[in-house]
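Trainee: I have a structure to read, and I don't know where to begin. Can you take me through it, feature by feature?

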Amino acid sequence: YFFMVNEFCERFSYYGMKALLTLYFVTYLKWDKDLSTAVYHAFSGLCYFTPILGAIIADSWLGKFRTIIYLSIVYVIGHVVKSVGAIPTVGNTDVHIALSMVGLILIAIGTGGIKPCVAAFGGDQFDEEHVSERQKFFSIFYMSINAGSLLSTLITPVLRGDVKCFGGDCYALAFGVPAALMIVALVVFIAGSSLYKRNPPQGNILLQVCKCIGFAIKNRWRNSKHEPKRKHWLDWAEEKYSKRLIQEVKMVLRVLVLYIPLPMFWALFDQQVWVYKPKKTTFSQCVSVHYSRFWCIPVKDHRLKLSSHCPRQTDVLPLISLHFLSRYPAVHCDLQSEDCPGLNLGLLDFGASYTFILMKESGQIVAHRMEDVKANSVHIAWQIPQYVLLTAGEVMFSITGLEFSYSQAPSNMKSVLQAGWLLTVAFGNVIVLIVAEGAGLEQWKEFVLFAGLLLGVCIIFSVMSVFYKYVEPENMDKINLEDTKEEDEGDGKKSSMMLDKTGKSTKL
């Protein structure tokens, strides 16, 4: 339960902050759309590349528990710095940008660093024979992730828009609440520390793995022509490294090879959120008005105020193009001039685009409406089945991946393999960025492209899975025990031979 509450609060803090990030860049820092989009996706990618850093620290140095504690503190500091950067009275724009970037970097290090550790540390609480209980844990664990992200994306935009502070939208509060939730997550996790089962780190295991792979490649290159062929290329490292380490490296590499096609799943899944869509800045919606130049005016009380005066020397006024995203029973257009009465634009439908020509008729300004784009006739509820399928696929894919990554990892490399699983998300985002920036396709064509690629990947992955040999955790322990006995027996034989030689030399 400590893990569930911790993960719920942590995901609330992350997704709550992220839900406002692009809008914060555009409206508060005054960045353009391209820069805002680039920084947003750079931050998202960094959050999924840093798990490998947290995994190395946990498995090689501090252990999972202390790594989660220390990086959570970094996480909290990042949220606090980000919230302070959203206070208008703190410095100028340059200070706000600097604080925001520092805060985002610290958040990326914190959230990425603890991602593989929390899941692996939760799995460590179950013995190997409790497989079904561990599978239930990962299911509930992922449910807490989605629950936190769902509530945060609903609540934090309300805090920004409905609460006013410093004379405008309250970004400081909207970022401060996620910071407070992250503090709660840290306190809850520490509160259960006396109940946790902790496995101490076993040295710099990643360095040993790299050295083992390097030695095997070098030894095979030098001696493959002179010595008999071995069953696996990693067996060429037996002269220097234990069979247990070689077996563990084989397990990790088999899983990582199996993960190669998986980024394409995330590339398609992220299509629903990847492309930047400008959001309206108020709940009352915003109207784009082209009147000699671009205008964006909030609609309030169903009345539209144009900040210019009616021309008096012409009977035909400039064209005004209105783009509405909501249905209003009657929208009145009032021009700020005594000569211009209120204009009734009539019923404007959802999704339609209208152009109004204002003409003077019998001393009155009359609006003549033209419908450029017809109103949408397909109900938005037709999207529900698609989202149900997307969510079902993502939940089954993610929960299975988390449990599989844990069960197939050696005991001293649980966090590393969890980080490898999270890297599939990062590379999926990289694929989307490359295609979106390089191909320049229309959005529906990108959808079709990624769907076709994922279909091909499914076929490839199915073939790869046939050749994968699933290793039961208890079988891995048996293999390790056998290898240890063989090594001990080998050491015993060597020592007895040395004793025999010593005895003979004494007699002589």
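Mentor: Start with a rule. A salt bridge is a side-chain nitrogen of Lys or Arg within 4 Å of a carboxyl oxygen of Asp or Glu. Keep in mind that this is a predicted model.

Trainee: How many salt bridges does a search of the whole structure find?

Mentor: Eleven. The general idea: side chains of opposite charge can pair when their charged atoms come close. Take Lys197 and Asp127, whose closest N and O atoms are 3.0 Å apart. They link distant parts of the chain, 70 residues apart. Lys197 sits in the loop between helix H8 and helix H9, and Asp127 in the loop between helix H6 and helix H7.

Trainee: Are Lys197 and Asp127 buried or exposed?

Mentor: Neither. Buried means under 20% relative accessible area, and exposed means over 50%. Lys197 has 31%, so it counts as partly exposed. Asp127 is partly exposed too, with 33%.

Trainee: Which residue meets Arg134 in a salt bridge?

Mentor: Glu403, at 3.6 Å from N to O. Arg134 lies in helix H7 and Glu403 in helix H13, so the pair ties together parts 269 residues apart in sequence. Arg134 counts as buried because its relative accessibility is 1%. Glu403 is buried as well, at 10%.

Trainee: Which residues are joined into one network by salt bridges that share partners?

Mentor: Glu7, Glu10 and Arg11. Within it, Glu10 and Arg11 have their closest N and O atoms 2.7 Å apart. Both of these residues are buried.

Trainee: Now the nonpolar side chains. What should I look for?

Mentor: In soluble globular proteins, nonpolar side chains tend to be buried together. Here the largest nonpolar core has 94 residues. Those with the most contacts inside it include Tyr24, Phe43 and Trp421. Tyr24 touches several residues beyond its sequence neighbours, among them Leu29, His96 and Phe175.

Trainee: Which residues form a nonpolar patch on the surface?

Mentor: Leu455, Ile459, Val463, Val466 and Phe467, with about 570 Å² of accessible area together. Phe467 lies in helix H15. Its relative accessibility is 67%, so Phe467 counts as exposed.

Trainee: And strands? In which sense do S9 and S10 pair?

Mentor: Antiparallel, over nine bridges. One of the partnerships joins Thr355 to Met370 in S10. The two strands form a hairpin with two residues between them. Look at Ser362 in the turn: its phi is positive, about 55 degrees.

Trainee: How many helices and strands does the protein chain have?

Mentor: There are 16 helices and ten strands. Of its 508 residues, 44% count as buried.

Terms used. Residues are numbered from 1 along each chain as its sequence is written. This is a predicted model: local features need pLDDT of at least 70, side-chain atom pairs count only at pLDDT 80 or more; totals for chains, interfaces and linings use all residues. Side-chain values use heavy atoms; hydrogens and water are left out. Patches are made of residues with over 30% relative accessible area and no salt bridge: like charges are joined within 9 Å, nonpolar side chains (Val, Leu, Ile, Met, Phe, Trp, Tyr) within 5 Å. Accessible areas come from the Shrake-Rupley method with a 1.4 Å probe; for residues, only the protein chains shown count as cover. Helices (H or I, at least four residues) and strands (E, at least two) are DSSP runs, numbered from the N terminus. Buried means under 20% relative accessible area, exposed over 50%, partly exposed in between (1.4 Å probe, protein chains only). A nonpolar core is a set of buried Ala, Val, Leu, Ile, Met, Phe, Trp, Tyr and Cys residues joined through side-chain atoms within 4.5 Å. Contact means heavy atoms within 4.5 Å. Two strands pair if DSSP finds at least two bridges between them. Lists of a residue's contacts leave out its neighbours within four places in sequence.
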